[in-house]
Amino acid sequence: MPAPDRRRVCIGALALLTATRAVAAFGFDELMTLLSQRKSGEARFSEERAVSGLDQPLRYTGTMSFKAPDRLERQTLTPRRESFIVDGNQLTLQRGERVRYLTLDSVPELAAMVTALRGTLSGDGSALRHHFKATVDGAAARWTLTLVPLDLRLLGVVRLLRIDGMQSDVRVVELQLADGDRSVTTIEPLAPKARSATP
Amino acid sequence: MTLRPGSGRGWVAVLSWLAALALGAIVIAHTRFSADLTAFLPAAPDARQRALVEQLKSGIAARTLLIAIRGGEPAQRAAASRALADRLRADPAFEQVLNGDFSAFAAIGRWVFDRRYLLSPAVDARRFSVEGLREAIDDTLSLLGTPAGALVKPVLERDPTGEAQRIAESALSGGGPRTQDGIWISRDGQLALLMTQSHAEGSDLDAQAQTLVTLRAAFATVATSGLDLQVSGAPKFAVDSRAQIQAETRALALTGTVLMGGLLLITFASLRALAAAMVPVATGIVAGVASVSLVFGSVHGATLGFGTTLIGEAVDYAIYYLIQARGRTGDAPAQGWRRWVQQSWPTVRLGVLTSICGFLALAFSGFPGLAQLGVFSIAGLIAAALTTRHVLPVFMPDGTRGMGLRRQLGHGAAWLVRTLPRVRHGITALGIASLAFLLWRHDTLWQTELSSLSPVSGEALALDTRLRDELLAGDERTMVAVSGHDVQEVLQRVEVVSARLDALVQSGQLLGYEAITRWLPSLATQQRRRDALPDAATLSARLGEATAGGSLRAARLAPFVQAVQQARDAPPITPESLAGTPIAPLAAALLVRSSDGTNIALLPVVRAPGPVGDSAPAAIGQALRGIDAAQAFNVGDELRSLYLHYIREAQGQALLGAAGVVLLMALWLRSLPRLLAVCKPLLLAVLMTMAAFAAADVPLGILHLVGLLLVVAVGSNYSLFLDWLRHQGAPDEDTLASLLLANLTIVLSFGLIAASAIPALAAIGRVVAPGAMLALLLSAAYAAPTGPLAVRSS
């Protein structure tokens with residue numbers, strides 16, 4: 001009976017085709033694999049915040065650096081110097097002359113926000129999924145990762161984070177707060193030699 | 001009573017005895033029995049240590065329970081933690097319930113916010129200059145548009161310079177337990193953690209016990225299946241040990257009495273003799289309890305526990321009397337007691353005096369618990385001896401006639417006295433070897449930990465350490481104490497100390513510290529801050545300049561100008577004004593008035609984790625140099641040094657006591673060779689017991705020392721009796737039997753105590769049981785310097 005056989009072959013081929021398409025598609029796991037190849041990086045950033053009630057947006061610029069697995073540094077240079085350094089569970093904040101040291105896990109909202117950045121930069125999918133509902137759009141060449149907090153308390157403050165990137169570079173981090181305020185940070189990678197991933 | 005020795009005099013003795021018993025009973029009926037652990041904490045010598053002991057006794061630590069919920073799923077634990085905290089917060093027994101949910105602190109937040117211009121460390125003249133205002137507003141704005149902005153935005157117009165933020169920042173140590181879903185959890189995520197403080201004082205154990213019951217009941221109503229409550233902390237330990245001491249004391253007294261009763265019954269084969277033997281013991285206990293109550297105002301539960309050990313020595317007197325006063329063939333009836341009073345009583349009396357000498361050293365101990373023990377023992381022994389001397393002859397003028405195992409005991413004792421002297425040289429060699437061993441091991445001979453006095457089990461301590469590490473960053477035990485005559489002086493000094501500690505926080509050695517001046521600045525500082533606040537017109541003008549071209553228009557900041565004006569006229573914060581405010585419990589923990597009237601502020605310090613933090617104590621010491629009124633201490637180290645101080649003092653007292661014993665015997669014996677002969681077995685018994693402990697790697701503590709003192713006290717009876725017998729020419733089997741029986745009862749009762757689960761009691765038992773046995777054997781070994789004694793058969 002040739003007809004059923006042919007049908008079976010057709011279905012089989014179709015299934016095979018969908019399967020390969022699925023493998024080739026760019027999803028959360030693929031993005032994480034891509035991101036995890038990068039071990040360190042440095043960048044310039046500029047941030048613009050739109051805050052309701054203020055006459056004009058707030059603007060900040062400075063540098064950021066990351067070193068796998070868990071060191072993240074943000075140095076604000078204008079309008080005033082300020083630094084924010086996370087290393088493991090330790091957070092160091094410096095503004096002017098004043099320094100503060102915090103343990104991250106005692107301030108869970110902060111821990112979640114740090115995870116959003118650090119997890120994305122290091123491609124730590126399980127850490128991201130622990131705190132956020134993550135969805136990925138686009139392809140490796142240009143992707144968007146959307147993170148929505150799982151913790152209701154945090155969700156009361158942060159509506160979502162949207163991170164745009166190209167290959168293993170993070171380019172834009174957009175933070176939407178529950179009260180409608182918004183912050184968009186544009187990131188310009190520096191010193192390509194610092195990358196260890198394939199170009 | 002058919003027999004009345006000394007006719008009327010005997011009845012006078014009995015009547016005075018009964019009157020004394022009745023008096024004792026009345027005193028005891030009005031006695032307060034306490035069980036707080038701090039009775040075994042020394043009455044500290046210097047101000048800092050007094051503050052520490054005060055703090056341990058009545059400070060916040062004595063009222064704090066550390067609580068963990070274990071088992072089940074994280075969500076279950078979180079729900080149970082919230083429900084439990086809600087329930088406990090509604091209960092008036094709890095002053096404070098912490099579980100990481102700070103929504104309960106809204107009241108404190110409001111209190112602080114209303115007083116922010118008096119409390120903020122940032123308020124000074126520069127802060128309210130144009131430049132200062134611009135910087136402060138920029139700092140506050142930089143939080144907007146971030147998740148932290150949610151806290152700042154609602155109060156932006158009233159507090160644009162972020163003073164509330166600054167106060168919160170300085171108050172939060174930055175450490176603290178791990179938090180998840182708004183509640184505290186352990187770092188490994190397996191436990192939900194809570195902390196409570198009771199209203200009741202830590203020393204009010206009945207209230208603390210009730211608090212624990214309330215806690216458990218509350219947990220039972222909120223817990224879902226699979227969840228389990230773990231509780232630790234000073235009140236829990238105190239309540240548990242009281243229960244343990246009570247149960248053990250009862251059990252020990254009961255089994256001790258039964259065993260000893262059995263032994264006496266077998267030996268005397270007479271119920272009457274048994275009852276007579278218990279008379280001095282019971283009298284001694286009544287006298288002991290009543291005396292301690294009169295001298296100290298209350299009796300510690302542990303004193304009663306130790307006091308049961310007295311049965312061992314007091315029963316000896318009865319045994320000596322009952323056996324030695326036995327009428328001999330040819331004696332007139334009812335005259336045995338006369339012979340006993342003539343022949344044996346001087347020796348027994350000397351034994352009592354030597355024991356008193358030993359315990360006198362304890363009575364002057366810096367440890368209230370040990371002092372009680374000393375007074376208890378002295379009063380008890382005197383009462384027991386007097387009862388034996390004056391009351392027993394009335395009831396049992398001829399001792400006891402029952403034979404039971406007396407003959408066998410006598411034969412056994414005679415055999416020992418015949419045999420042991422033969423191995424005397426071996427014993428001497430063993431004694432010298434013990435001494436050499438002790439000298440070799442002298443470094444590790446003594447304990448240095450106060451915890452050796454604590455009846456808390458190792459398991460409970462491990463749980464406590466774990467919860468402390470999680471909840472209190474493991475280092476709430478480092479503190480700075482600042483003292484002064486009046487409150488304002490202390491507050492000003494705390495401000496000076498705070499400035500120096502701030503530098504250590506900036507350098508990262510400290511995560512933070514607590515200080516009373518965050519909530520109650522000195523009046524001088526409040527005035528300085530108030531003076532820095534400009535009037536409305538000036539402030540408005542400066543604000544206009546500071547915000548020009550910025551994101552925030554000055555026109556929006558009218559509420560700020562108004563708040564500053566209010567603060568200029570607000571009354572200062574005083575210790576009195578704190579009463580009844582949400583901040584009061586916090587203030588009470590950080591500013592204490594010690595019993596001698598000095599005010600002491602405590603600044604608990606949180607070290608940074610890792611090696612940076614390890615250098616913190618030294619850095620604090622350095623930072624405080626030059627401020628005499630402020631001292632940093634580590635609670636653990638301090639207790640250790642206190643303990644060392646007291647073990648040294650106790651050693652000195654024990655030596656003094658021993659010297660007193662020797663002096664007494666010297667006065668009595670009036671012969672150096674006899675004195676040496678009497679002292680030698682005691683010294684060797686002590687050395688060998690100590691060497692055995694050293695060989696078993698058990699360091700000796702203060703309570704072991706008490707045990708050694710008891711060995712000397714009890715042993716001196718044996719060695720004096722044997723010495724007396726030797727000089728009588730020939731010892732009789734009855735006296736020997738009485739010694740052996742007395743020894744057996746001691747070894748038995750202390751052997752029982754050695755098995756106690758209360759480490760302190762066990763320590764005494766483990767020293768006395770073998771030590772007393774050695775003392776008798778060695779006394780026998782050295783009793784006959786020239787060949788075996790001819791033992792006269794009765």
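1. A good place to start is Ala290(B), which is buried, with 26 other C-beta atoms within 10 Å. The cut-off for calling a residue buried is 20 or more such atoms, so Ala290(B), with its 26, falls in that class. Please keep in mind as you read on that this is a predicted model.

2. Where does Ala290(B) sit? Helix α11 of chain B, covering residues 271-296, holds this alanine. Leaving aside residues up to four places away in sequence, Ala290(B) touches Gly24(B), Val27(B) and Ile28(B). From Ala290(B) to Ala29(B) the separation in sequence is 261 residues, while their C-alpha atoms are 9.2 Å apart in space.

3. Stepping back to chain B as a whole, you will find 32 helices and 13 strands. Of its 794 residues, 51% are buried. If we take the contacts in chain B between residues at least 6 apart in sequence, 82% of them join residues at least 24 apart.

4. One helix pair in chain B may interest you: α29 (residues 672-695) and α32 (residues 759-781), whose axes come within 8 Å and cross at roughly 140 degrees. Roughly antiparallel would need an angle over 145 degrees, and α29(B) and α32(B) are therefore oblique to each other. The crossing of these two helices is right-handed.

5. Which residues make up this helix contact? On the α29(B) side they include Pro681(B), Leu682(B), Leu684(B) and Met688(B), and among their partners in α32(B) are Val767(B), Pro770(B), Leu774(B) and Leu778(B). By class, the contact of α29(B) with α32(B) has 13 nonpolar residues, 3 polar and no charged.

6. Turning to the contact between the chains, 25 residues come from chain A and 26 residues from chain B. On the chain A side, the elements giving two or more residues are β6 (98-103) and α3 (108-122). The largest share there, 5 residues, belongs to β6(A). Sorted by class, the chain A side has 11 nonpolar, 4 polar and 10 charged residues.

7. A friendly word on confidence in chain A: its pLDDT averages 84, and 83% of the residues score at least 70. Among its elements, strand β8(A) (residues 142-149) has the highest mean, 95, and helix α1(A) (residues 2-24) the lowest, 51.

8. Two stretches of chain A deserve a look. Over residues 19-23 of chain A the pLDDT stays under 50, and the model gives this stretch 0 contacts beyond four places in sequence. Residues 194-199 of chain A are also below 50, but here the model has 10 contacts beyond near neighbours in sequence.

Key. Residues are numbered from 1 along each chain as its sequence is written. Chains are lettered from A and ligands numbered from 1 in the order in which they are written. This is a predicted model: local features need pLDDT of at least 70, side-chain atom pairs count only at pLDDT 80 or more; totals for chains, interfaces and linings use all residues. pLDDT is the predictor's confidence in each residue, from 0 to 100. Helices (H or I, at least four residues) and strands (E, at least two) are DSSP runs, numbered from the N terminus. Two residues are in contact if their C-beta atoms, placed from the backbone, lie within 7 Å. A residue is buried if 20 or more other C-beta atoms lie within 10 Å of its own, exposed if 12 or fewer, and partly exposed in between; C-beta atoms are placed from the backbone. Ala, Val, Leu, Ile, Met, Phe, Trp, Tyr, Cys and Pro count as nonpolar, Asp, Glu, Lys and Arg as charged, and the others, Gly among them, as polar. Axes are lines fitted to C-alpha atoms, for helices over the stretch in contact, and angles run from 0 to 180 degrees between N-to-C directions. Angles under 35 degrees count as roughly parallel, over 145 as roughly antiparallel, 65 to 115 as roughly perpendicular and the rest as oblique. A crossing is left-handed if the near helix is turned anticlockwise from the far one by less than a right angle, and right-handed if clockwise.
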